[in-house]
There are 2 protein chains.
Amino acid sequence: MKQSKARKSITLLDVARAAGVSRTTVSNAFNRPDQLSPEVQQKVLAVAKELGYAGPNPMARMLRTGQTGAIGLIFSEALPYAFNDPVSIAFLQGVSKVCERVKASLLIVPALDSDVAQQTIQQAAVDGFILYCIPDESEAVVRVLDRQLPVVAVDQPELKGIPFIGIDDRQAARTAALHLLSLNRRHLGIIAMDFHNDSYAGPVDPQRLKSAIFRNALHRWWGYADAIRDAGIDPTLVPIEESPNSNGVDGAFAAAIALLQRHPRPTGILAMSDILALGALRAAEHLGLKVPEDVAIVGFDGIPLAAQVRPALTTIQQPLVEKGAIAAEILLGIPNKKTTHILETKLVVRQSSSKGSREQGAGSRVGSGE
Amino acid sequence: MKQSKARKSITLLDVARAAGVSRTTVSNAFNRPDQLSPEVQQKVLAVAKELGYAGPNPMARMLRTGQTGAIGLIFSEALPYAFNDPVSIAFLQGVSKVCERVKASLLIVPALDSDVAQQTIQQAAVDGFILYCIPDESEAVVRVLDRQLPVVAVDQPELKGIPFIGIDDRQAARTAALHLLSLNRRHLGIIAMDFHNDSYAGPVDPQRLKSAIFRNALHRWWGYADAIRDAGIDPTLVPIEESPNSNGVDGAFAAAIALLQRHPRPTGILAMSDILALGALRAAEHLGLKVPEDVAIVGFDGIPLAAQVRPALTTIQQPLVEKGAIAAEILLGIPNKKTTHILETKLVVRQSSSKGSREQGAGSRVGSGE
DNA sequence: CTGTTAGCGCGTTCAA
DNA sequence: TTGAACGCGCTAACAG
């Protein structure tokens, strides 16, 4: 009998009774110290501690106030893969930096398939969501929109009325391809990241391109194609090998091998991410090809590792961390932020595509820290 | 007037009325489909959708059920640094893998200083906490314990009654030092990670060691000292340079430079983490020293990058991902798990400490994927 | 299979 | 400054 009472958790009311005050007073002692005399507050807090009461129950408070103090983050990939990708990690860094500043927590919500998405997104106690690189018709998007909470999208999807942060993938990719073409590399090969959600690895046909659901990959391909076409080459004849993000560098290695064993062998490789480019670098080495002499390689993203490998990697630098920071700031209502941000990118030329000797081609970032 | 009613969010009751059923029925339609006829369920769901009702309010449900479907994770470092450290990231991968499997969300709780910790930990709506590498007397520990929820500690703190996952740091470090000594490297230098919370970088004196609050670092030092003493050398004469985790490879570079410029120059460097060892590798290169001929280097942790750099890094491999997975499994009540796990480590010898030529010394992991 | 009845623990009026 | 009352939206018993 007594046990059952002792068993249940302590509430504001218990503390109030033990301290000989009202519930409101105890609540105020925790939340509004200015609303009661310091001495009373001291006493209440002391009694609370004695009873093992650690402050208002967060669920009850959330229900009452409608605020949770957390924001939700949804990745398109399986979480372990997302945490394996330097691009996602950099994004996470940006988000977390802002969260830490404003004392908000960050809820990572698994939403891999529609089943999981439905359950986890509906249950998430958050004040808003960040959608990171989510295909437009994904179940996750529907569920998030249903929640009627503030939303910010990064990279994808672009939806009416919700803030968006991204880059001009097409233009950036065009710059990358132009660079290679300007070095007179006319036999190009493309290593692509996921166009679809099916973890497919291998050559890409026009049909697959046309039905692509990941915008980044599609737009980057468009950009490559723009430059290639302008150079008087038929872009549909440029071979594309797709290697899913989740296959990491190893997958890219295989894709690059496939590309480099074609005849004529490509003299330039356009990789849609730096991870893919690293695989290409390794493949070239494996085949005994010199980079950039035999084959030049250009990546995309500008992850820190790109500057540190040898030969250092030419890439399109995009503000990865800043993307996360801006997304969080918008969601958390930090003022002076427009709601749509197309961030700048820039081509960083390093050894993997330099004209001269390896040493000479080093970009300014080489040797800088982690 | 009407506005104010339209303004507020839709509840179970609204749906019930609109559908002409009771609240329970609507609740069941969402949570227990087996408790009502399919047709009624269809109808209720249809009405709900029409009203823009997206399922039960998560806060209310949490209050009612006492379950949140999320677990909290607390790092000792500032989040952006944690997300920059391959060791933490690998841990996160392990945690997230399990979370995804059981459809749990993961709440990353900033708890940098005591102020923030108090607020964020008290407010966190979670079913339990994972403490990752938190100093024993940290405010965060107190707050977490106060919450009276299940807790698991990883690496630190070791507290009575709460499950613990870690490795035998001392023994592992001893193995690393023994390895170097067995190669006849008798002039050693140590690069240490944080002993204290103060971001200090520089030489370490006995006082600082004695008052260390980070167990990992301290135990690793003990292990080194054990082996060194057994080799007939006075461990207190072995120079130690501390470089905080947050300073990354650059900090380690500086620390290693300091070490390598001493007389006599160390012929072996013991680094307490692979990141630190990478800095040492770079420092050796910078000074024109050959690794392992002039100076042999041994890291700790076994991060993937250690196998990929050249020369590849000898290290103590610990099951980083598994640590996270086990922690999450224990917290989420997945059965067949003991509550305390001291995981195995092993020395992986690679080029950075090999006797023979560089090629010969490559560990089996070299060239394997990301 | 459906409806009724009770709280879950708290924050906020408002009056004292 | 304090105390009483109300309801946030929901789920779990239990009765029909």
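Start by selecting B:K103 and A:D115: these two residues form a salt bridge across the chains, and their closest N and O atoms are 3.9 Å apart. As you look around, keep in mind that this is a predicted model. The bridge you have just picked makes the list because a side-chain nitrogen of Lys or Arg has to come within 4 Å of a carboxyl oxygen of Asp or Glu. Between chain B and chain A the count is 2 salt bridges.

**The interface**

Now widen the selection to everything that touches across the two chains. How many residues are in contact? On the chain B side there are 55, and they meet 54 residues of chain A. If you switch on surfaces, the area buried between chain B and chain A is about 4,800 Å². Carbon and sulfur atoms give 59% of that area.

**The axis**

Next, superpose chain B on chain A. A turn of 180 degrees with a shift of 0.0 Å along the axis lays chain B on chain A, and the RMSD is 0.2 Å. This is the relation of a two-fold axis. To find a landmark for that axis in chain B, select B:L107, whose C-alpha is the nearest to it at 2.1 Å. Both copies use the same surface, too: of the contact residues of chain B, 98% recur in chain A.

**An aromatic pair in each chain**

Leave the interface and turn to the rings. Over all chains there are 8 aromatic pairs. Select A:F75 and A:Y132 for one of them: the arrangement is edge-to-face, with 5.5 Å from centre to centre and 75 degrees between the planes. Colour by secondary structure and you will find A:F75 in strand β1 (residues 70–75) of chain A and A:Y132 in strand β3 (residues 129–132) of chain A. The two are 57 residues apart, and the pair links distant parts of the chain.

Are these two residues buried or exposed? A:F75 is buried, with a relative accessible area of 4%, and A:Y132 is buried as well, at 6% relative accessibility.

Now jump to chain B and select B:F75 and B:Y132. Their ring centres lie 5.5 Å apart and their planes are at 75 degrees, so this pair is edge-to-face. B:F75 belongs to strand β1 (residues 70–75) of chain B and B:Y132 to strand β3 (residues 129–132) of chain B, so the pair ties together parts that are 57 residues apart in sequence. B:F75 is buried at 3% relative accessible area, and B:Y132 is buried at 7%.

Before moving on, go back to chain A and add A:F83 and A:F91 to your first pair. Together A:F75, A:F83, A:F91 and A:Y132 form one aromatic cluster.

**An arginine over a ring**

Select A:R220 and A:F300. Here A:R220 lies over the face of A:F300, 3.8 Å from the ring centre. For the counterpart in chain B, select B:R220 and B:F300: the charged end of B:R220 sits over the ring of B:F300, at 3.8 Å from its centre.

**A buried aspartate**

Which helix holds B:D226? Look at helix α12 (residues 215–230) of chain B. B:D226 is buried, with a relative accessible area of 13%. Show what surrounds this aspartate: apart from its neighbours within four places in sequence, B:D226 is in contact with B:R170 and B:R174.

**Backbone stops**

For the last leg, hide the side chains and follow the backbone. Zoom in on A:Q156 and A:P157, where the peptide bond is cis and omega is near 0 degrees. A:P157 sits in the loop between β4 (151–154) and β5 (164–167) of chain A. In chain B, the bond from B:Q156 to B:P157 is also cis, with omega near -5 degrees, and B:P157 is in the loop between β4 (151–154) and β5 (164–167) of chain B.

Two residues in chain B deserve a look for their phi angles. B:C133 is a residue other than glycine with a positive phi, near 60 degrees. You will find B:C133 in the loop between β3 and α9 (139–146) of chain B, where B:C133 is buried at 14% relative accessible area.

Finish at B:S199, which is not a glycine either but has a positive phi of about 60 degrees. B:S199 lies in the loop between β6 (188–192) and β7 (202–203) of chain B and is partly exposed, with a relative accessible area of 46%.

Conventions. Residues are numbered from 1 along each chain as its sequence is written. Chains are lettered from A and ligands numbered from 1 in the order in which they are written. This is a predicted model: local features need pLDDT of at least 70, side-chain atom pairs count only at pLDDT 80 or more; totals for chains, interfaces and linings use all residues. Side-chain values use heavy atoms; hydrogens and water are left out. Rings of Phe, Tyr and Trp (its six-membered ring) pair if their centres lie within 6.5 Å; planes under 30 degrees apart count as stacked, over 60 as edge-to-face and the rest as tilted. Helices (H or I, at least four residues) and strands (E, at least two) are DSSP runs, numbered from the N terminus. Buried means under 20% relative accessible area, exposed over 50%, partly exposed in between (1.4 Å probe, protein chains only). A charge sits over a ring if NZ of Lys or CZ of Arg is within 6 Å of the ring centre and within 35 degrees of the ring normal. Copies are superposed by least squares on the C-alpha atoms of residues with pLDDT of at least 70 in both. Contact means heavy atoms within 4.5 Å. Buried area is the accessible area (1.4 Å probe) that two parts lose on being put together, summed over both.
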